[in-house]
Amino acid sequence: MATAAVPTLGFRRRVLAWSGRYLGWAPRLLGPLAVAGFIFGTWQAGVWNDVFGLAPFTLPRPDAIGRAFSASSDELLRNLGVTFRPALYGYLLGNAAGLLAGAVLVVLPGIVSKRLSAIFSAIQALPIIALVPVVALWFGSGVLFKTVVVAIVTFPSMMVYASRGMTHLHDEVYQLMESYDASPRQVFLKERLPNALPFAFTALRYTVILSVIGAVVAEIIRSRSGLGYEIDDALQAFDTDEAWAAAAILAGLGIAWYTVVGVLERVIVPWGVAQRDR
């Protein structure tokens with residue numbers, strides 16, 4: 001009697017490899033979508049209001065937030081541009097200054113580098129809510145003011161990560177460059193700087209959130225425009241739906257910005273992404 005052919009081990013391996021290559025994205029995509037659907041579904045049904053005893057005024061439902069966005073979309077999107085511009089300027093300025101400071105710390109003598117690093121890191125400990133009014137005394141309340149606040153907030157993180165990446169080299173690297181009789185400049189350009197790029201992109205992803213927070217806090221404390229001001233003004237007018245709509249736009253901005261930085265990292269330093277994903 002004829003029997004059905006049993007798939008060979010090689011065929012099974014090819015099927016598993018194919019499914020892993022072309023279907024491996026499904027769990028990574030469907031899982032977050034299922035969680036998001038559950039959260040928003042129960043939110044819309046009022047479950048979170050009932051569980052935590054929150055009034056609809058305190059926690060509006062998603063449909064109410066959507067209606068508030070539709071009613072004020074022009075103003076909200078205009079304020080999005082007002083917030084994003086200084087956040088981006090400060091992000092670029094602060095990270096560039098932090099990268100430069102990290103390089104300076106590497107080339108300075110050890111004791112001087114430690115003292116300067118401690119001073120620079122102390123900036124990160126400053127509470128932003130106390131920093132904003134002081135900066136406003138010098139720069140007013142316009143775009144430059146918010147740019148400087150964001151730059152100050154983002155600077156220390158990049159400095160720490162950049163200096164760590166430039167010094168986080170194996171002894172074999174130093175020995176190899178010494179055997180080539182490489183100059184300090186060549187060691188910096190060929191080894192220190194490329195090795196610091198994955199660390200720098202870690203700082204770039206982290207400082208995305210700091211940039212949005214810095215711009216929003218600056219707008220709440222000392223500004224008459226932007227999404228931060230919009231949230232504060234809406235809450236004072238007891239219009240929580242519009243405040244939540246503005247907060248949702250800020251969340252979308254942060255997610256999109258973070259995603260763009262992640263894509264750039266995969267293009268520019270794929271080796272760093274591969275090492276982190278192991």
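Buried, in this talk, means under 20% relative accessible area. Keep that cut-off in mind for R192, a residue in helix α10. R192 has a relative accessibility of 16%, so this arginine counts as buried. One more note on R192: its C-alpha atom is 6.9 Å from that of T167, although the two are 25 residues apart along the chain.

What you have in front of you is a predicted model. The protein has 13 helices and 0 strands. Of its 278 residues, 36% are buried. If you take the contacts with a separation of 6 or more, 72% of them join residues 24 or more positions apart.

Let me start with α8, which covers residues 143–167. How far apart should the ends of this helix be? With 25 residues, at 1.5 Å a residue, the expected span is 36 Å, and the end C-alpha atoms are 36 Å apart, so the two agree. There is a bend along the way, of about 30°, at T154. A proline, P156, follows that bend within four residues. As for cover, 18 of the 25 residues in α8 are buried, so the helix is mostly covered.

Next, the nonpolar core. The largest one has 30 residues, and W257 and V261 touch the most other members. Helices α4, α5, α8, α10, α11 and α12 each give two or more residues to this core. A second core, separate from that one, has 11 residues, including V132, F145, L210 and V217. Going back to V261, what does it touch beyond its neighbours within four places in sequence? The list is Y91, F201, L204, R205 and V208.

Now the packing of α4 (62–71) against α12 (240–268). The two axes come within 8 Å and cross at roughly 85°. That angle falls in the 65 to 115 degree range, so α4 is roughly perpendicular to α12. On the α4 side, the residues that meet α12 are A64, I65, A68 and F69. Facing them from α12 are D241, E242, W244, A245 and I249.

Another position to look at is T83, in helix α5. Is T83 buried or exposed? Its relative accessible area is 1%, which is under 20%, so T83 is buried. Setting aside neighbours within four places in sequence, T83 is in contact with A215, V216, E219, G226, L227, G228 and L250. T83 and A218 lie 135 residues apart in sequence, and their C-alpha atoms are 9.8 Å apart.

Two of those contacts of T83, L227 and G228, are also among the buried residues of α11. The others named as buried in that helix are Y229, E230, I231 and A234.

I will finish with what comes after α11. F238 lies in the loop between α11 and α12. What is its phi? The value is positive, near 60°, and this is a residue other than glycine. F238 has a relative accessibility of 62%, which is over 50%, so this phenylalanine counts as exposed. Set that beside R192, where 16% made an arginine count as buried.

Definitions and conventions:
Residues numbered from 1 in each chain as written. Predicted model: local features only at pLDDT ≥ 70, side-chain atom pairs only at ≥ 80, totals over all residues. Heavy atoms only, no water. Expected span 1.5 Å × (residues − 1). Bend = angle between axes of the 7 residues up to and from the residue. Buried < 20%, exposed > 50% of the residue type's maximum accessible area, 1.4 Å probe, protein only. Core = buried A, V, L, I, M, F, W, Y, C linked by side-chain atoms within 4.5 Å. Contact = heavy atoms within 4.5 Å. Axes fitted to C-alpha atoms, helices over the stretch in contact; angles between N-to-C directions. Parallel < 35°, antiparallel > 145°, perpendicular 65-115°, else oblique.
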